[in-house]
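Please open the model in your viewer and keep the sequence panel beside it, since each stop on this tour begins with a selection.

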Amino acid sequence: DQPHKPVANRFEFADGQGTFGTIASITQPFCQDCNRARLSADGKVYTCLFGEQGHDIRHLLNKPEQLTHHIAQIWQQRKDQYSLQRNKQQHNHKRIEMFVLGG
């Protein structure tokens, strides 16, 4: 495994009292290196921040071994790479709302 390069551009305040970061997923896509799954409030795993459809895992929440295997399968079969593919897609792409993912 190679370490993933950071996706956030980090900045420090001039007074040194804090930092913030920006993620430019549209202008600097990192889909091929993405290792971030998102869990929605209704128990669905999304493999892309701009995903259209989640994978329901609620039935596996009390079965850790099956849950781990199922999430690994979802991740291996993922095809969503919105930031890389967005120029090829229609703009009627319905995405999950950020408030559902906690963003």
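Helices and strands here are DSSP runs, with at least four residues (H or I) for a helix and at least two (E) for a strand, numbered from the N terminus. Keep in mind throughout that this is a predicted model.

Begin with a cartoon of the whole protein chain, in which three helices and five strands are assigned; followed along the sequence, these elements come in the order β-β-β-β-β-α-α-α. If you then switch on a surface, its accessible area comes to about 8100 Å², with 49% of that belonging to carbon and sulfur atoms. Of the 103 residues in the protein chain, 26% are buried. Among contacts with a separation of 6 or more, 44% are between residues 24 or more positions apart.

Next, select Val45, Ile57, Leu60, Leu67 and Ile74, and show their side chains, for these five residues form the largest nonpolar core. In soluble globular proteins, nonpolar side chains tend to be buried together. Which residues is Ile57 in contact with, leaving aside its neighbours within four places in sequence? Expanding the selection around Ile57 brings up Leu39, Gly43, Val45, Leu67, His70, Ile71 and Ile74, of which Val45, Leu67 and Ile74 are also listed in the core.

Now move to the charged side chains by selecting Asp56 and Arg58, which meet in a salt bridge with an N to O distance of 2.7 Å. A search of the whole structure finds one salt bridge. Is this pair buried or exposed? Neither word fits, because a residue must be under 20% relative accessible area to be buried and over 50% to be exposed, whereas Arg58 has 48% and Asp56 has 31%, so that both are classed as partly exposed.

Select Arg38 next, which lies in strand E3, a run covering residues 38–39. Arg38 is buried, with a relative accessible area of 16%, and its side chain reaches the backbone oxygen of Arg36 at 2.7 Å.

For the last stop, select Cys34 and Cys48. Both are buried, Cys34 with a relative accessible area of 11% and Cys48 with one of 9%. How many disulfides does the structure contain? The count is zero, where a disulfide would require a pair of cysteine sulfur atoms within 2.5 Å.

Conventions:
Residues are numbered from 1 along each chain as its sequence is written. This is a predicted model: local features need pLDDT of at least 70, side-chain atom pairs count only at pLDDT 80 or more; totals for chains, interfaces and linings use all residues. Side-chain values use heavy atoms; hydrogens and water are left out. Buried means under 20% relative accessible area, exposed over 50%, partly exposed in between (1.4 Å probe, protein chains only). Contact means heavy atoms within 4.5 Å. Accessible areas come from the Shrake-Rupley method with a 1.4 Å probe; for residues, only the protein chains shown count as cover. A salt bridge is a side-chain nitrogen of Lys or Arg within 4 Å of a carboxyl oxygen of Asp or Glu. A polar contact is a pair of N or O atoms within 3.5 Å; within protein, one must be able to donate a hydrogen and the other to accept it, and residues adjacent in sequence count only if both atoms are side-chain atoms. A nonpolar core is a set of buried Ala, Val, Leu, Ile, Met, Phe, Trp, Tyr and Cys residues joined through side-chain atoms within 4.5 Å.
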